[in-house]
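Please study the chain shown below, and then work through the exercises in order. Each task is followed by a solution in steps.

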Amino acid sequence: DFNKRVLLVDCDFVFPELRCFMEVPTKGGLIDCLKGDSSLEEAMSALTGVPCWIMPAGEAVHESTDLMKTGQLDRVLSPLREQFDYILLNAPPILPVATMNVLERYSDLLLLVVRANVTSKQAVTQALSSLRASRPIHVILNGVAANALPSYMADYSVMSSPVRFTGTGIH
């Protein structure tokens, strides 16, 4: 989906990391928009060369998570849905905080990222059962060592010359 407008919103108020990828700092972030202290435009920063923007979490305060529960998130996300083709909500880990259950109602698709050989099966099971999702949860397994893949996957690569299909066969 090249040329689609994408916004990454950092909803992790404990360890906000998306700001590390920003090229230009913003005046505030999501928390400031929720409090009404910053406009949406002031809280977003574009990346150079791609149609992608980042909205950092902003400066966390004691009631940061409560701001999402009061319906303020809907006020912030509604106009953004008109501006962007995709909005990705970066949530904190599921188990220590319940933020994902608040964010779930604003999401069209739920992704659970699991790190191979680090995240235990018990933690994944507990995380999945703690979500009150009304739709399927998709799981991404990352950090898989190449030597752990079946041989046909480890050897898989893009062919140097494209295969062309014609009406008479493959060339």
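The exercises below concern a predicted model.

**Exercise 1. The sheet**

Task: Determine the order of the strands in the open sheet, and state which strands lie at its edges.

Solution.
Step 1. The open sheet has 4 strands in the order E2-E3-E1-E4, and its pairing is mixed.
Step 2. Strand E2 (45-46) and strand E4 (86-90) are the edge strands, as each pairs on one side only.
Step 3. H3 packs on this sheet and touches E1, E3 and E4. The direction of H3 makes about 140 degrees with that of E4.

**Exercise 2. The pairing of E3**

Task: State in which sense E3 pairs with E2 and in which sense E3 pairs with E1.

Solution.
Step 1. Strands of a sheet pair through backbone hydrogen bonds, either parallel or antiparallel.
Step 2. Between E2 and E3 the sense is antiparallel, over 2 bridges. Ser45 has Ile54 of E3 as its bridge partner.
Step 3. E2 and E3 also form a hairpin, with 5 residues between them. Gly49 in the turn has a positive phi of about 85 degrees.
Step 4. Between E1 and E3 the sense is parallel, over 4 bridges. Here Leu7 has Trp53 of E3 as its bridge partner.
Step 5. In a regular strand the side chains alternate between the two faces of the sheet. In E3 both faces are covered: Cys52 and Ile54 are buried on one side, and Trp53 and Met55 are buried on the other.

**Exercise 3. The nonpolar cores**

Task: Identify the residues that touch the most other members of the largest nonpolar core.

Solution.
Step 1. In soluble globular proteins, nonpolar side chains tend to be buried together.
Step 2. The largest nonpolar core has 24 residues, and those touching the most other members are Leu7, Leu30, Leu34, Met55, Leu73 and Leu80.
Step 3. Two or more residues of this core come from each of strand E1 (6-10), helix H1 (30-35), strand E3 (52-55), helix H2 (64-69), helix H3 (72-83) and helix H4 (99-103).
Step 4. Leaving aside residues up to four places away in sequence, Leu80 touches Leu7, Leu40, Met44, Met55 and Ile87.
Step 5. Another core, of 8 residues, lies apart from the largest one. Its members include Met100, Val124, Ala127 and Leu131.

**Exercise 4. The largest pocket**

Task: Give the volume of the largest pocket and name the residues closest to its centre.

Solution.
Step 1. The volume is about 1000 Å³.
Step 2. Of the 35 lining residues, Leu89, Asn90, Ala91, Leu109 and Leu111 are the closest to the centre.
Step 3. E1, H3, E4, H4, strand E5 (110-115) and helix H5 (121-130) each supply at least two residues of the lining.

**Exercise 5. Two loop residues**

Task: Decide whether Glu104 is buried or exposed, and do likewise for Asn117.

Solution.
Step 1. Glu104 is placed in the loop between H4 and E5, and Asn117 in the loop between E5 and H5.
Step 2. Glu104 has a relative accessible area of 9% and is therefore buried, since buried means under 20%.
Step 3. Glu104 touches Leu110, Arg132, Ala133, Ser134 and Arg135, not counting residues up to four places away in sequence.
Step 4. Asn117 has a relative accessible area of 76% and is therefore exposed, since exposed means over 50%.
Step 5. The phi of Asn117 is near 60 degrees, a positive value in a residue other than glycine.

How values were computed:
Residues are numbered from 1 along each chain as its sequence is written. This is a predicted model: local features need pLDDT of at least 70, side-chain atom pairs count only at pLDDT 80 or more; totals for chains, interfaces and linings use all residues. Side-chain values use heavy atoms; hydrogens and water are left out. A nonpolar core is a set of buried Ala, Val, Leu, Ile, Met, Phe, Trp, Tyr and Cys residues joined through side-chain atoms within 4.5 Å. Buried means under 20% relative accessible area, exposed over 50%, partly exposed in between (1.4 Å probe, protein chains only). Contact means heavy atoms within 4.5 Å. Two strands pair if DSSP finds at least two bridges between them. Axes are lines fitted to C-alpha atoms, for helices over the stretch in contact, and angles run from 0 to 180 degrees between N-to-C directions. On a 1 Å grid over the protein atoms alone, a cavity is a set of points where a 1.4 Å probe fits but cannot get out, and a pocket is an open set with protein on both sides within 12 Å along at least five of seven lines; lining residues have an atom within 4 Å of a point. Grid points are joined across faces, edges and corners, and a volume is the space filled by probe spheres set on the points.
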